[in-house]
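Hi,

Here is the structure I promised to pass on. Have a look at it first, and then read on for what turned up.

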Amino acid sequence: MDLPVDEWKSYILQKWSLLPKSIQVTISTAKTLNDLFLHSSPLLQPEDEMFLKRLSGGYLVGKDPDASLFYREKGNKKFQEKDYMGATVLYSKGVSHSGPSSTDMSLCYANRSAALFHLGQYETCLKDIVRAQTHGYPERLQPKLLLRKAECLVTLGRPQEASQTISDLESNFAAKATLSASQFQILQRTLCRVKVKVQEKENLPEIFPEALTKTFEGVDLREENEQIPSASSSVSLHIDPLKGRYLVATKDILPGELLVKEDAFVSVLNPGEMPPRRHGLESKWDTQVTNGDLHCHRCLRRTLAPVPCDGCSYAKYCSQACMQQAWDRYHSVECSLGALLLTLGVFCHVALRSALLARFEDVDKVIKKLCGEMSNQGICLPESRDPAQILKYDLRGEGEKKDKAVETPIPGCDINGKYERNYNAVFHLLPHTENHSPEHKFLCALSVSALCRQLEAAGLQAFTTDLKPTKLKAAETPVLCAELNVWGVAMLRHMLQLQCNAQAITTIQQTGSKENLITDTQQVRLATALFPVVSLLNHSCSPNTSVSFFGTIATVRASQLIRRGQEIFHCYVLAKHGLSAGPHESRMGVAERRQKLRSQYFFDCNCPPCDRERQRPSAGPGREAFRCHRCRALLQGDDVLSCGGPACTESLGRGLLVSRLQDLQRQVGVAQKRLRNGRLELAIQLLLECQSDAESFLSADHSVVGEIEDTLAQAYAALGDWEKSATHLQESLRVVEVHHGPSSVEMGHELFKLAQVFFNGCAIPEALNTIQKAEKVLLVHYGPWNDEIRELQKMKSCLLDLLPIPGGPKE
Ligand SMILES: [Zn+2]
Ligand SMILES: [Zn+2]
Ligand SMILES: [Zn+2]
Ligand SMILES: [Zn+2]
């Protein structure tokens, strides 16, 4: 998804392997990105572009009235099945495929408004009714729509507007006599309700995302850093020849303190799995729900009723305002390139968008900087400094980093030493050019070249139109080509930077069936973004911060006490890849983690936990140990494990135990599937078998043991047996604590579940106690605007209402 599709990747690798040795050497040994680009780009032949075009042709990104009809009919089917959520998404897909102001579009909006009405989203429903009307909703169907509008207004406690709508409808009806008998009945009923509501003056508040947005925007840094906007004054920026740039605490920082609150410089919504259409299949259009169906293309907020771009079917927005902003800043260029960008991958898309956004800063300066790179051996020139010195720094920065030079300015900062969240900062994120393989660099260079050719062919003066026309008047067509090369180099740089600097914006998605009363959550990847300030944090496998997201905004909080002078760390491997946050989803093993840091981030981790784990004899039993089936003592050893029990001589091959473990995991998977399908008794039966099987050969702290307990808890909760559910959840909680520690985010999610179980079971003291613990842990990681914390607070106030008043007779 990040990199180009496999077909293009293998095509380019094939092309690389067929290149004459001398050209391979020239490209492999290119000293600068400029050389790399200029030597690779001419190798992109027309037939390569044709091949790429064929690949892109598989993606359906344009408007298609047939698709609109198809999705509307599918939506109607869901609607009849009373799956209003499913219907809403399908109508949205229909909307995005309809041409602006077409009957198709108005019908999709109108149908979506009906689904939203059933979902209780009255405000959004009203918006869709207006949209249906402005896009030419057929006259003969109007009464139906107006009735819905009136009903919404009644429910929202706006009786005057409802009366107005009804009288409009009545006059309409009198004039045209278009109402059927049944509609007339509904009209009468609605009218009665309006009259009643006027008397009651009832006002039902709607739970609306705006409320959450406000809460979040209220959360701010206690004191903003003068050197690094978006960071708190509790940190300061340093540079070290070995470590590069890093942040240090300037005072003691308490757990939960907000250290960074930063809006992404650039972010691109991950399209999700979007397989290219294969012709000849039964249906050309898939009905799968992806990120792009549920989140705004620009601000990433969740939206149930997106509005589509007028020019394509893949960009959908939460509002007209977001659409306009996206159009002005980048989508006017990207709109027609949708299929190509899906083929070339998210990194290429982020690279293009970064370059497009750079236009909004001082274009001259940016161009000069880029030209500076093109003509210079160095990487980039911060202004007003001795070039020789900078060059020395840059070589160190990219290479050995031997001697120390305190006087050198920190890269990415302006002349006053201020690190701004701007293109200059983005440009200075390290591309690690020398660490990427020549094949990879060639793939990136040709992908960017293909993109540049498309921009050129489309006549999109992408980087010059509409912006500072006076300054760029001189740059006419011949210059444009040269300029496009400059931007090509910039985009190549971004593509290479992204491997180490891209931040996955993740979101918590609720999993499990609707009937399931305790929510299980999963962390999913929503977008790929660049955050220049967050990027200043170095990696540790046991970080002292937690990163979370709200839309395109990242927040970094201290997850533990950080003493003055200590470095601020976060964990690249966890945060950047949106691994599942399920408490038993075992985080990567040490070897796997170190391998990943080496291959993706190009360094050997020497953080304290890594050192500790490396020094521990590999044979020692860890938390994930097996145990002896005879005496229950833990087994030790590498390939052959022997029992550590005092009078036991049992020994077993590791392979045997591992395959037994895999069998068990498969069984647990089957049980979870049964649970999802609502076959609760069968799920429990299998889980209890798994539990006794696990007991016979796994240590009590094994993550699979925890997972079984957690699943049992869910199954009992679904049955309404809260007591049993709580018992199993407490077992699961014990395992989570062993693995992740008492104040880990995993612990927070598990405590949240336990609080829900106690709450539902009306175990008031236990519930209050657990709510308090969960709140404490989650607050540190997420801050007060988190959904789960708000839910906990609601539960708490509800429970406190049930308790006898303090100071009452009980005291
Ligand atoms: Zn938006
Ligand atoms: Zn578009
Ligand atoms: Zn480490
Ligand atoms: Zn034994």
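Arg 660 lies over the face of Phe 697, at 4.2 Å from the ring centre. Another arginine turns up over a ring too: the charged end of Arg 353 sits over Tyr 330, 3.8 Å from the centre of that ring. Before you go further, keep in mind that this is a predicted model, and that the numbers here are computed from it.

On to the zinc. The zinc ion (ligand 4) is held by four sulfurs, the SG atoms of Cys 628, Cys 631, Cys 643 and Cys 648, at 2.3 Å. The angles among these four donor atoms run from 90 to 117 degrees, and the site is tetrahedral. For reference, the ideal angle for four tetrahedral donors is 109.5 degrees. If you want to find the donors in the sequence, look for the spacing C-x2-C-x11-C-x4-C. Two of these donors link distant parts of the chain: Cys 631 is in the loop between α25 (608-615) and β13 (635-636), while Cys 643 is in strand β14 (residues 640-643), 12 residues apart.

Are those two cysteines buried or exposed? Cys 631 has 35% relative accessibility, so it counts as partly exposed. Cys 643 counts as buried because its relative accessibility is 10%, and the cut-off for buried is under 20%.

The strand that carries Cys 643 is worth a look of its own. In a regular strand, side chains alternate between the two faces of the sheet. You can follow this along β14: Leu 641 and Cys 643 point to one face and are buried, whereas Val 640 and Ser 642 point to the other face and are not.

β14 also has strands to pair with. β13 and β14 run antiparallel and are joined by two bridges, with Leu 635 having Cys 643 as its bridge partner in β14. These two strands form a hairpin with three residues between them, and Gly 637 in the turn has a positive phi of about 125 degrees. β14 pairs with strand β15 (residues 651-653) as well, again in the antiparallel sense, over three bridges. There, Val 640 stands opposite Gly 653 in β15.

Now the aromatics. The search of the whole structure finds 10 aromatic pairs; I'll describe two of them. A pair of rings is described by the distance of the centres and the angle of the planes.

Take Tyr 11 and Phe 51: their ring centres are 4.1 Å apart and the planes are at 10 degrees, so this pair is stacked. Tyr 11 belongs to helix α1 (residues 6-18) and Phe 51 to helix α4 (residues 46-56), so the pair ties together parts that are 40 residues apart in sequence. Tyr 11 is partly exposed, at 22% relative accessibility, and Phe 51 is buried, at 19%. Trp 8 joins Tyr 11 and Phe 51 in one aromatic cluster.

The other pair is Phe 531 with Phe 549. Their ring centres are 6.1 Å apart with planes at 40 degrees, so the pair counts as tilted. Phe 531 is in the loop between β8 (520-530) and β9 (538-539), and Phe 549 is in strand β10 (residues 545-550), so this pair ties together parts 18 residues apart in sequence. Phe 531 is buried, with a relative accessible area of 1%, and Phe 549 is buried at 13% relative accessibility.

Cheers

Note on methods:
Residues are numbered from 1 along each chain as its sequence is written. Chains are lettered from A and ligands numbered from 1 in the order in which they are written. This is a predicted model: local features need pLDDT of at least 70, side-chain atom pairs count only at pLDDT 80 or more; totals for chains, interfaces and linings use all residues. Side-chain values use heavy atoms; hydrogens and water are left out. Donors are N, O and S atoms within 2.8 Å of the metal (3.2 Å for Na, K and Ca); water is not among the atoms, so sites may look incomplete. Four donors count as tetrahedral if all angles lie between 85 and 135 degrees; four count as square planar and six as octahedral if opposite donors are over 155 degrees apart and all others between 65 and 115; anything else is irregular. Helices (H or I, at least four residues) and strands (E, at least two) are DSSP runs, numbered from the N terminus. Buried means under 20% relative accessible area, exposed over 50%, partly exposed in between (1.4 Å probe, protein chains only). Rings of Phe, Tyr and Trp (its six-membered ring) pair if their centres lie within 6.5 Å; planes under 30 degrees apart count as stacked, over 60 as edge-to-face and the rest as tilted. A charge sits over a ring if NZ of Lys or CZ of Arg is within 6 Å of the ring centre and within 35 degrees of the ring normal. Two strands pair if DSSP finds at least two bridges between them.
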